[in-house]
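Got the viewer open? Let's take a short walk through this model, one selection at a time.

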Amino acid sequence: TAYLAILVLVTFMTWQIATQARDQRMKVVSLGLWSSLVAIHVFGLTDAIALGSKVGLYYWWNLGLIAATYRLTVSH
């Protein structure tokens with residue numbers, strides 16, 4: 001449940017960045033990071049992940065970058 005909540009929250013944050021950000025570069029960065037998360041999930045569903053691969057690192061790194069982009073662009 002927590003994993004799905006994180007994915008829903010990140011999707012919501014990306015949607016807000018894409019609709020509210022004034023800087024076009026931030027929109028592109030956030031959509032690129034979100035697309036990378038989708039690619040990580042598709043890769044995990046379609047391929048056997050080799051032992052010792054560090055795919056999870058990219059997942060958490062993307063989450064952190066999306067959160068940072070959200071904090072920089074969307075005012076509360």
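One term before we click anything: two residues are in contact when heavy atoms of theirs come within 4.5 Å. Keep in mind, too, that this is a predicted model.

**Whole chain.** Start with a cartoon view. You'll see three helices and zero strands, running α-α-α from the N terminus. Of the 76 residues, 24% count as buried. Switch on a surface and you're looking at about 5600 Å² exposed, with carbon and sulfur atoms supplying 69% of it.

**Helix α2.** Now select residues 24–46. The C-alpha atoms at the ends of this helix are 33 Å apart, which agrees with the 33 Å expected because its 23 residues advance 1.5 Å each. Just before it, pick Asp23: this residue caps the N-terminal end of α2, with a side-chain oxygen 3.3 Å from the backbone nitrogen of Arg25.

**The buried face.** Show sticks for Ser30, Leu33, Leu37 and Ile40, which are buried in α2. What do the buried residues of α2 pack against? Colour α1 (2–20) and α3 (55–73) and there's your answer.

**Leu37.** Zoom in here. Beyond its neighbours within four places in sequence, Leu37 is in contact with Val10, Tyr59, Asn62, Leu63 and Ile66.

**The core.** Finally, the largest nonpolar core has 13 residues, and those touching the most other members are Val10, Ile17, Leu37, Tyr59, Leu63, Ile66 and Tyr70. Each of α1, α2 and α3 supplies at least two residues of this core, and α3 gives the most, with five.

**Zoom back out.** Among contacts in the chain with a separation of 6 or more, 65% join residues 24 or more positions apart.

Methods. Residues numbered from 1 in each chain as written. Predicted model: local features only at pLDDT ≥ 70, side-chain atom pairs only at ≥ 80, totals over all residues. Heavy atoms only, no water. Helix = DSSP H or I, 4+ residues; strand = E, 2+ residues; numbered from the N terminus. Expected span 1.5 Å × (residues − 1). Buried < 20%, exposed > 50% of the residue type's maximum accessible area, 1.4 Å probe, protein only. Polar contact = N/O pair within 3.5 Å; in protein donor to acceptor, adjacent residues only side chain to side chain. Core = buried A, V, L, I, M, F, W, Y, C linked by side-chain atoms within 4.5 Å. Areas by Shrake-Rupley, 256 points an atom, 1.4 Å probe, with all protein chains shown as cover.
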